[in-house]
Amino acid sequence: MRSVDLIQKKRDGGELTASELVFLIDGYSRGDIPDYQLSAWAMAVYFRGMTPKETAALTLAMANSGDQVDLGPISGIKVDKHSTGGVGDKTTLILAPLVASVGIPVAKMSGRGLGHTGGTIDKLESIEGFRTELSREKFMNQVNEIGLSVIGQSGNLAPADKKLYALRDVTATVESIPLIASSVMSKKIAAGADAIVLDVKTGSGAFMKTLEASEQLALAMVNIGTEVGRNTAAVISDMDQPLGFAIGNALEVQESIETLKGNGPEDLTELCLTLGAHMVVLGGKAESVEEAKQLLKVQISSGAALAKFKAFISAQGGDASIVDNPALLPKAPIVLEVQAKTAGFVNAIEAEQLGIAAMLLGAGRATKDSIIDYAVGVVLRKKVGDAVEAGDTLALLHVREADESVKEVSERVLNAFDIQAEKAEPRALLLSVITAEGIKRYS
């Protein structure tokens, strides 16, 4: 078997076999296949695409390139959740205790953020004492004892994907749906979950800007899960404006606590109930999404989900008193208002610009070596559809120092709000659901 023959086969629109894809991925991982050959193959995939069977085989080849997490010692059906990322996306902080509170084990490995705000692990580390590095034994035991653990990605999960992504990043082959789908799913499969729920974002603040492209990515990932024997479902959700109001690590933890208390923003609550309901169905605790959603609402209103969050924080060494007293979370010394200059209605909000603004304040990483400030960030006071008078507060900046750089951030935030004389109807939050049966739009 020769690399050049496989490159030519894909260039000409052929379908590679599982053994041929293993040959390419294993050879590249070992260094036997050079960058220039695999980049040629990736470009051929970019233009020719891959069949569902090919994409699944590529995913398994990358998942098998490193460690495989065996969650067998954990009782029950383990359901994982993955988001393609967004501004103000703190759903894991809410979903993990919420779903665990109905008896579905949540054994999750999450990552840190690069760009925008921090990842789930950064947000959890804004809680004093919280440990995100646990031994495999402690991780498993904690899930069996309280039903929940979230730790940083450890070991050597899907190293071939990491190497291939770095190559795609510098060869203009990132924007390939089969390559994106296999990249995401290789890590999810290596992490050992029995079932997977995907939150695929679409819109200005998402990687996929259109609904159609987001649906195709979601369908590709669901097809991979189905091909490799993992029950998988995906929900397409809007990212044309930030999710909830808070953007920033400790600020998002506080908003998550309010949501678990039943006082969270409407959009964040709706998305968490929907994603959680799909997790509950795949976990075998409800027959339908609607039944599961009602079950989760009870867990919030009864305080069971919040109690699970407290137990989770305590089990991993964190100060659980922040749940009852969020003022104990890291707090920025200065809060500045960003005020509207004109009256009208918020027609649109550029979510990505607000994410960048939060990063510039220190809430995210410009490079992998950047140090995150857990306290800083942006809190919205207006969302799409809201009426605005000149001088009204559009957002609050939580900052360390009111210097010249903060003035630039303030201008960026102000410019992210599109205010028009006529009121525009906000786009629906939930757009599509994708299962093995196909794509179903909510409206």
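Is Thr 120 buried or exposed, and what is its relative accessible area? In this predicted model, Thr 120 has a relative accessible area of 15% and therefore counts as buried, the cut-off being under 20%. The residue belongs to helix α6, which covers residues 120–124. Beyond its neighbours within four places in sequence, Thr 120 makes contact with Thr 92 and Leu 93, with Ser 110 and Gly 111, and with Val 150.

A second site worth a look is Gly 262, found in the loop that links α11 (249–260) to α12. Here the relative accessible area is 48%, so Gly 262 is partly exposed. Along the chain, Gly 262 and Leu 306 are 44 residues apart, while 9.5 Å separates their C-alpha atoms.

Helix α12 also leads to the second largest pocket. This pocket holds about 490 Å³ of space, and its lining comprises 24 residues. Two elements, α12 (266–282) and β8 (344–349), each supply two or more residues to that lining. Nearest the centre of the pocket are Gln 241, Asp 267, Pro 426, Arg 427 and Leu 429. In chemical character, the lining of the second largest pocket consists of eleven nonpolar, ten charged and three polar residues. For readers planning to inspect the site on screen, the five residues around the centre, Asp 267 and Arg 427 among them, offer a handy starting view.

How values were computed:
Residues are numbered from 1 along each chain as its sequence is written. This is a predicted model: local features need pLDDT of at least 70, side-chain atom pairs count only at pLDDT 80 or more; totals for chains, interfaces and linings use all residues. Side-chain values use heavy atoms; hydrogens and water are left out. On a 1 Å grid over the protein atoms alone, a cavity is a set of points where a 1.4 Å probe fits but cannot get out, and a pocket is an open set with protein on both sides within 12 Å along at least five of seven lines; lining residues have an atom within 4 Å of a point. Grid points are joined across faces, edges and corners, and a volume is the space filled by probe spheres set on the points. Helices (H or I, at least four residues) and strands (E, at least two) are DSSP runs, numbered from the N terminus. Ala, Val, Leu, Ile, Met, Phe, Trp, Tyr, Cys and Pro count as nonpolar, Asp, Glu, Lys and Arg as charged, and the others, Gly among them, as polar. Buried means under 20% relative accessible area, exposed over 50%, partly exposed in between (1.4 Å probe, protein chains only). Contact means heavy atoms within 4.5 Å.
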